[in-house]
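This briefing takes one strand and its pairing partners as its starting point and then turns to the protein as a whole. Please keep the sequence and the 3D view at hand while reading.

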Amino acid sequence: MTQQTNEKPNYKKTLNLPKTSFAMKANLVQREPQIQKRWAKPDLYERMMAASKDRPRFLLHDGPPYANGAIHLGHLLNKVLKDLVIRSHFMLGYDTPFVPGWDCHGLPIEHKVMTEVVEELGDGAAELSAMDIRKRCAKYAGKFVKLQMKQMQRLGTVADYSDPYLTMKREYEGAVLEVFAALVGRELVFRHLKPVHWSIDNQTALADAELEYHDREDTSVFVIFEVENPDALPAGLGASQSTTPGLMIWTTTPWTLPANLAVAVSPRSEYGLYRFERDGMAGQVIIATALAEQVFDAKDAEYELLGTCSGTELEDAGVQYRHAFLDRVSPVVTAEYVTLEDGTGMVHTAPGHGVDDYQTGQRIGLDIYCPVREDGTFDESAPEWIQGKSVWEANDLVVENLRESGALYDEHKFMHSYPHDWRSKGPVIFRATRQWFIAVDAEDRSLRGMALEVTENDVKFIPEWGRNRMRGMLDTRPDWCISRQRAWGLPIPAFYGEGDEVLLTRASVEAVAAVFREMGSDAWFKLSARELLDKYDVANDPDAPAWVAGALGDESKTLEMARDIFDVWFESGSSWNAVLNERGLEYPADLYLEGSDQHRGWFQLSLLPSLGVNGQSPFKAVLTHGFMVDKDGRKMSKSDGNALNVDELMKDYGADVCRLWVCSLNTDNDIKVDESFFALAGEEYRKIRNTIRFLLSNLGDFDVETDRRELMDADAGSVDAWVVGELNRLIQTVRDAYQSLTYRKVHEAVFHFCNETLSAVYLAAVKDRLYCDKSDSDRRRRTQTVIFDVASALIRLVAPVLVHTADEAWQALHGRNPDKPETDDCVHLHLLPEVNELAVSEGWAEAISLRDRALKVLEDARSQRGLDNPLDAGIECALTTDVYSKVVGVADELADLCGVSRFEIQEGEGELIAVNDLTTEPRCERSWKRDGTVAERSDGGALSQRDAEAVGVE
């Protein structure tokens, strides 16, 4: 007797369920270092260079970060952006050599080292020689080069890390001196006593790029200087013989008054003689008439205008005045820079303490007098009561002296933006010292004029507003002070004879450059002057001063070596020669990419030497990014407690999430940062990863060599053809974005494609056929072919951004264990996908629109009629003739597009979309569809016709 069973068949094992080695959980923090180890053997960068050696070149030149600490969030942004450039252009078909560099010399390192030395040795620190300091600085810089290099590699960046450029390497130093030699040969270098920004804390000159501006409270004073020769005053002023009038000047730096040597007035402005009285103080003073009301009303003074004249008349009359507390008589002069925006229109002029003042002093022959020493204290030439006092102490002493003498009309405290030393954070002063300069307005070779011309016509700026920003800075910049009074740096190779005799010619500098190439710049501190000039042929140097031959031949003659070093910006600004030319790379570079502060710094200070030597810009384009600020717009800093630690971010999120965050940014302006933004980037990353995983998981039984099913014209109405058309649009968008360096567009396009095009539409539509069609059915193989192509393209498109994830996915796509691939193949050795032209039905745009309208009606019906599963529903549409004619060719895909069991369309006079409840009809026990073909099959199960064929039952 046969035993009967009522058990229904279990169809789960008959489904084509997803399977992939590409894990759902990324585990980036653990997995990324493993992937990087695989890239290191053999070296990925070397393999990329070997693969691209015959391609057209695209050269990004790295601006060197400072080697004095761990990388911060700004480094993360900058280095990831550069890596996006390198990787994407490689995959666009370029040769992209990239040499990373580090700025190793200069004050920040020496300042830190000396702080540590004082803590270690106390008073003994003063006994250290220059070479002792330099050895410590070199060790310090080397330590942080290694640390930063490791951190940058952990970010997934590729570069020639085996041979970076360091500004303290001897070959680099020699190449910098060769740039300097060329500038000397073109008579662009000079030494002069000029006022420069001076750091009291570090006792050295500073460049504009080494300044930070912070608010500071200072004292503003209005001072009356008595006219020495009232008889010379222009008649128009109406001065009487019985009263000696004064000149009322205004200054915000009372400590500079001991160095006052002139009063400057505006040549074409009107000045008036005023009788005034207030608080027991009375007299007659000359000030600009346009400012009189403002000055007098501020102290409730009574005043009367006696007469007027022009500034030029005051100068032409030879008016002089007596200093308020010194036995000194000085002239009234005109100057075009005098404005009537504030003050009195009569400008206190101290040629040793201001750039404009210096120019005026040069024009009329004044001394460049500076009574302030290197440490910011007054020397013996100053009044006795401020000798030895700091300039900041002198402020109050000067004001008190003016008050006691009756020369002080008014004083008040005010807040203003003031320059500070970027390293010590202390306020700087203008102080005249003898320094080396590069002339920006040389008569035969105006670097300013050349720079303005090339930045207007030859250089591309991204964003465009950078052009005017940089031109504005070039237009107003002074001569470039290139000398610093420190030990850690590249020495300026000047030699001094007796008196003011100087040896600095192109040939002499080149001779020292040759020594530095062999021994490094430490040679300057180890060798004598004559040893350094051993290969200098004075007889064949037409520029050699007459005294040099005798000095070199007679050891009894004085031949001293300069103790100044180069501004570090000159060193990094010469990298176009020390790196690009030295290594045979592209010159000029295609791109420089740095923060927007480099319009004043590295961009400008690379441009000027290159123009001086070669007459052309070292870069074809500059891309600038903003600075990191917190979510409230405040500058991020450790001291304020609002800075995010890069190492912590890497531990919490991994490099790929951080890179995706960078790719999402609008970098044109300052960038708001908060940890929640990284968490959001993590969610976006998971969406992209899971989309790629779904693609890969449906290729488990697909062999691209034997199972591939190419799309043909007959497939134009398939959803597969539609998604290939969407993929083509994505490919073009992303390629264009990479080419134009607009990475945010990459992020937007890729995320939309994954989230909407694939997840919401295509993958939802083909899931049924992937799971339920016969495994080798034509339709399923067609879809798998397209999924393979989509995955291959998508992985390559995101590879420059998600560098680890893309390579992991690439290995899985090609059937390899992502952790232990059998070959050295790597996604980063491949090109970006090209657009694949194929026939796509013109009705798809209308079909997607119809889908959106139908889904809205379906959602309303589900909530109102309790249709929990959309497969329990069918949709009927009456469409206008125009719409019907467009979508009829894709009608077979509409049911799967909407996730329902049936979708029927017909022509009508207007559009009508109706949802039918199919719950009374039989449901397929395998696919859950109610498509009208479900029937009991030979195995006792209820299956649709499609599912019965897939299972192999009748």
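Strand E6 pairs with strand E7 (residues 246-251) in the antiparallel sense, and six bridges connect the two. The model is a predicted one, and the points below set out the surroundings of this strand before describing the overall form and surface.

**Strand E6 and its partners**

- E6 covers residues 211-227 and is mostly covered, with 12 of its 17 residues buried.
- Within the pairing of E6 with E7, Phe-225 has Leu-247 of E7 as its bridge partner.
- E6 also runs antiparallel to strand E15 (residues 408-421), to which 13 bridges join it, and here Val-223 is matched with Leu-408 of E15.
- A further antiparallel pairing, over two bridges, links E6 with strand E12 (residues 320-322), where Arg-322 of E12 is the bridge partner of Glu-226.

**Overall form**

- The protein contains 30 helices and 32 strands.
- Its radius of gyration is 38 Å, well over the 30 Å that the globule rule gives for 954 residues, so the protein is more spread out than a compact globule.
- The C-alpha trace spans about 140 × 75 × 50 Å along the principal axes.
- Among contacts with a separation of 6 or more, 77% are between residues 24 or more positions apart.

**Burial, surface and charge**

- Of the 954 residues, 57% count as buried.
- The accessible surface comes to about 40,400 Å², and carbon and sulfur atoms account for 46% of that area.
- There are 105 positive and 156 negative side chains, and the centres of these two sets lie 8 Å apart.

Methods
Residues are numbered from 1 along each chain as its sequence is written. This is a predicted model: local features need pLDDT of at least 70, side-chain atom pairs count only at pLDDT 80 or more; totals for chains, interfaces and linings use all residues. Side-chain values use heavy atoms; hydrogens and water are left out. Helices (H or I, at least four residues) and strands (E, at least two) are DSSP runs, numbered from the N terminus. The radius of gyration is taken over C-alpha atoms; the globule rule is 2.2 Å times the number of residues to the power 0.38. Buried means under 20% relative accessible area, exposed over 50%, partly exposed in between (1.4 Å probe, protein chains only). Contact means heavy atoms within 4.5 Å. Accessible areas come from the Shrake-Rupley method with a 1.4 Å probe; for residues, only the protein chains shown count as cover. Lys and Arg count as positive and Asp and Glu as negative; His and the chain ends are not counted. The place of a charge is taken as NZ of Lys, CZ of Arg, CG of Asp or CD of Glu. Two strands pair if DSSP finds at least two bridges between them.
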